[in-house]
Amino acid sequence: MAGKLVEKACNRSFGGLQKVFQHESNEVKCMMTFGIFLPPQIESKKCPVLYYLSGLTCTEQNVVTKGGFQRAAARHGIVVVCPDTSPRGLGIEGEDDSYDFGSGAGFYLDATEDKWKTNYRMYSYVTKELPALIRDNFNVTSETSVTGHSMGGFGALMCGLKNPNQYRSISAFSPIVNPINCPWGQKAFKGYLGTNADSYLEYDPCHLIKKYSGPVTEILIDQGSSDQFFKEQLKSENFVEACKGTKVTPKLRMQEGYDHSYFFISTFMEDHIDFHAKYLCSQGKI
């Protein structure tokens with residue numbers, strides 16, 4: 001069992017409560033932090049859950065304070081859970097040497113390399129331990145969906161496709177869709193998983209989509225045309241190509257002039273909440 005929840009912050013927002021909790025995690029063997037928005041409807045009924053996975057260098061605070069999801073989540077009656085992006089403060093040699101590996105860069109996978117495998121188990125944390133913790137402590141239904149940004153967009157696609165019966169819907173903002181073919185992904189996979197390239201495929205959305213058998217038939221992806229990482233790191237077109245011949249249609253929306261920042265994310269966040277509400281809520285609204 002995960003450690004007891006310790007409330008660190010609570011703010012009223014659009015009739016609901018934006019809270020932050022810490023707990024001792026069994027999966028990553030350290031104290032973890034997550035944000036959770038509790039809509040006003042949760043006081044009288046169980047509510048569905050949307051998980052938001054953040055990108056490189058982020059904590060839960062980036063989306064909690066800059067994502068602008070609370071209004072739409074309150075309107076639909078959706079709980080939004082926002083975990084941190086990695087374990088922190090473990091004293092592992094090299095954990096703070098670069099922005100794209102180690103602290104703030106857990107890549108939502110379970111490491112197998114000796115140096116990282118004890119703590120860097122973010123895949124099991126976000127798909128198993130954290131959902132169980134949310135179910136045990138909050139008035140939520142079993143209906144869940146997942147979204148995220150950049151590294152977290154990769155995490156949303158990967159976790160959603162790797163667990164076909166767990167999520168009702170999937171979306172992403174500027175995701176890393178094909179990590180085995182981009183510098184960020186190659187660095188993370190080699191560092192966390194070692195040199196066995198076959199193991200990389202089990203975390204790559206462009207490979208996972210070919211085997212997906214769950215309920216999702218459409219994935220919403222927003223990508224800014226002025227995103228400085230688009231061509232080298234994100235490669236949205238690779239996922240569109242990979243979806244051909246599957247039952248999943250990628251709804252890729254190229255947003256003219258938008259970059260990789262939370263100015264972009266907050267602009268289209270309501271669209272993503274509305275998208276997930278179609279699948280999480282009985283009539284789109286509660």
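Me: Why is the pairing of Arg88 with Asp84 called a salt bridge?

Reply: In this predicted model, the closest N and O atoms of Arg88 and Asp84 are 2.7 Å apart, and since a salt bridge asks for a side-chain nitrogen of Lys or Arg within 4 Å of a carboxyl oxygen of Asp or Glu, the pair qualifies.

Me: How do you know whether Asp84 and Arg88 are buried, partly exposed or exposed?

Reply: Asp84 has a relative accessible area of 5%, and buried means under 20%, so Asp84 is buried. Arg88, at 33%, falls between the limits of 20% and 50%, and therefore counts as partly exposed.

Me: What makes Arg121 and Glu27 a salt bridge, and where in the chain do the two residues lie?

Reply: Their closest N and O atoms are 2.8 Å apart, which satisfies the limit of 4 Å. The pair links distant parts of the chain, with Arg121 in the loop between β5 and α3 and Glu27 in the loop between β2 and β3, 94 residues apart. Glu27 and Arg121 are also linked with Asp110 in a network of salt bridges.

Me: Why is Glu27 placed in one class of accessibility and Arg121 in another?

Reply: Glu27 stands at 19%, which is under the 20% that defines buried, so Glu27 counts as buried; Arg121, at 25%, lies between 20% and 50% and is therefore partly exposed.

Me: What makes Lys244 exposed and Glu241 partly exposed?

Reply: Exposed means over 50%, and Lys244 reaches 52%, whereas Glu241 has a relative accessible area of 46%, so Glu241 is partly exposed. These two residues form a salt bridge as well, with their closest N and O atoms 3.0 Å apart.

Me: How do you know how the buried residues of helix α5 are arranged around its axis?

Reply: The buried residues of α5 are Trp184, Gly185, Ala188, Phe189, Tyr192 and Leu193. Seen down the axis of α5, they fall within an arc of 115 degrees, so they line one face of the helix. What covers them includes α4, α6 and α8, and just after α5, Gly194 takes a positive phi of about 85 degrees.

Me: What makes the lining of the largest pocket nonpolar, polar or charged?

Reply: The lining, which includes Trp184 of α5, has six nonpolar residues, six polar and no charged. Among the lining residues are Leu56, Cys58 and Phe229, which count as nonpolar, and Thr57, Ser150 and His260, which count as polar. About 150 Å³ of space lies in this pocket.

Key: Residues numbered from 1 in each chain as written. Predicted model: local features only at pLDDT ≥ 70, side-chain atom pairs only at ≥ 80, totals over all residues. Heavy atoms only, no water. Buried < 20%, exposed > 50% of the residue type's maximum accessible area, 1.4 Å probe, protein only. Helix = DSSP H or I, 4+ residues; strand = E, 2+ residues; numbered from the N terminus. Arc of directions from axis to C-beta. Contact = heavy atoms within 4.5 Å. 1 Å grid on protein atoms, 1.4 Å probe; cavity = no way out; pocket = protein on both sides within 12 Å on 5 of 7 lines; lining within 4 Å. Points joined across faces, edges and corners; volume = space filled by probe spheres on them.
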